[in-house]
Amino acid sequence: MISFSVMALVFGVVFLAELPDKTALAGLVLGTRYRASYVFVGVAAAFAVHVTLAVAAGSVLTLLPQQIVHAVTGVLFLGGAAVLLMKKDEDEEEVRKPANQTFWKVSGAGFMLILVAEFGDLTQIMTANLAARYDDPLSVGLGAVLGLWAVAGLGIVGGKALMKRVPLSLITKVAAVLMTGLGAWSLYEAVAG
C-alpha cells in the first residue's frame with residue numbers, strides 16, 4: 001500500500017534538492033536544443049534507474065537496528081544540508097550535440113548524461129536514506145522519481161522562466177532547512193528510541 005504522506009514528503013525534499021543541481025541545468029540546456037519530449041524520455045528513464053538503485057540500497061539499511069538507522073540517516077541528512085549550503089552555483093555544462101535529432105539519439109544523449117551525472121548524487125543518497133528511514137520502498141520510490149521527473153520537466157520546458165522568478169539560492173536554502181529538520185528528527189529518534 002502506498003503512503004501518500006511519505007510519498008509527498010519524499011517528493012518535496014527530492015524536488016527542492018534537485019532544483020539547484022547541475023542535472024536540472026543540463027536538462028534545461030538539452031531542452032533548448034532538442035525536442036523536449038525526446039529529452040524527457042531519456043532523462044526520466046535515467047532517473048528511474050537511479051531511484052531503483054537508491055531504494056534498493058535504502059531497503060538493505062532497514063535490516064539494521066532502528067537506532068543505528070536513525071543515527072546514520074540523521075548524520076547523512078545533516079551532511080546533505082551542509083553540502084547544499086556550501087556548494088557554489090553551478091554553471092551550465094556544455095552538452096555534446098548528437099549528429100542528428102532522432103528519438104533514439106536525443107533520448108539516448110539525455111539518458112547517458114543523467115545516468116553518469118547523477119550517480120552517487122545527493123538526491124540519490126537522500127532517496128536511499130528516506131527508503132531506510134520509512135521502510136516503505138514503494139512510497140519513497142514513487143515520491144523520489146516523481147520529484148526528479150518534475151524537476152526534469154521544469155528544467156526542460158520552463159527552467160529559464162522559473163529561475164528568473166525564484167532565486168536559486170532561496171531554493172537551495174529551503175532544501176537545506178528541510179534536510180536539517182529531517183536530520184535532527186532522525187538523531188532525536190536515535191537517542192530517544
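**A nonpolar surface patch and a buried aspartate**

Leu76 lies in helix H4 of this predicted model, and, with a relative accessibility of 37%, Leu76 is classed as partly exposed, because values from 20% to 50% fall between the buried and exposed classes. Together with Leu64, Ile68, Val72 and Ile125, Leu76 makes up a nonpolar patch on the surface, with an area of about 380 Å². The greatest contribution to this nonpolar patch comes from H4, which supplies three residues.

Another member of the patch, Leu64, is placed in the loop that runs between helix H3 (36-61) and helix H4 (66-86). Leu64 is likewise partly exposed, its relative accessible area being 40%. In space, the C-alpha atom of Leu64 is 9.4 Å from that of Ala132, although the two residues are separated by 68 residues in sequence.

A further loop, between helix H6 (122-134) and helix H7 (137-165), holds Asp136. Asp136 is buried but takes part in no salt bridge, and the nearest side chain of opposite charge, that of Arg133, is found 12 Å away. The side chain of Asp136 does, however, form a polar contact of 2.7 Å with the side chain of Ser139. When residues up to four places away in sequence are set aside, Asp136 is in contact with Met1, Ser3 and Ala131.

Definitions and conventions
Residues are numbered from 1 along each chain as its sequence is written. This is a predicted model: local features need pLDDT of at least 70, side-chain atom pairs count only at pLDDT 80 or more; totals for chains, interfaces and linings use all residues. Side-chain values use heavy atoms; hydrogens and water are left out. Helices (H or I, at least four residues) and strands (E, at least two) are DSSP runs, numbered from the N terminus. Buried means under 20% relative accessible area, exposed over 50%, partly exposed in between (1.4 Å probe, protein chains only). Patches are made of residues with over 30% relative accessible area and no salt bridge: like charges are joined within 9 Å, nonpolar side chains (Val, Leu, Ile, Met, Phe, Trp, Tyr) within 5 Å. Accessible areas come from the Shrake-Rupley method with a 1.4 Å probe; for residues, only the protein chains shown count as cover. A salt bridge is a side-chain nitrogen of Lys or Arg within 4 Å of a carboxyl oxygen of Asp or Glu. Lys and Arg count as positive and Asp and Glu as negative; His and the chain ends are not counted. A polar contact is a pair of N or O atoms within 3.5 Å; within protein, one must be able to donate a hydrogen and the other to accept it, and residues adjacent in sequence count only if both atoms are side-chain atoms. Contact means heavy atoms within 4.5 Å.
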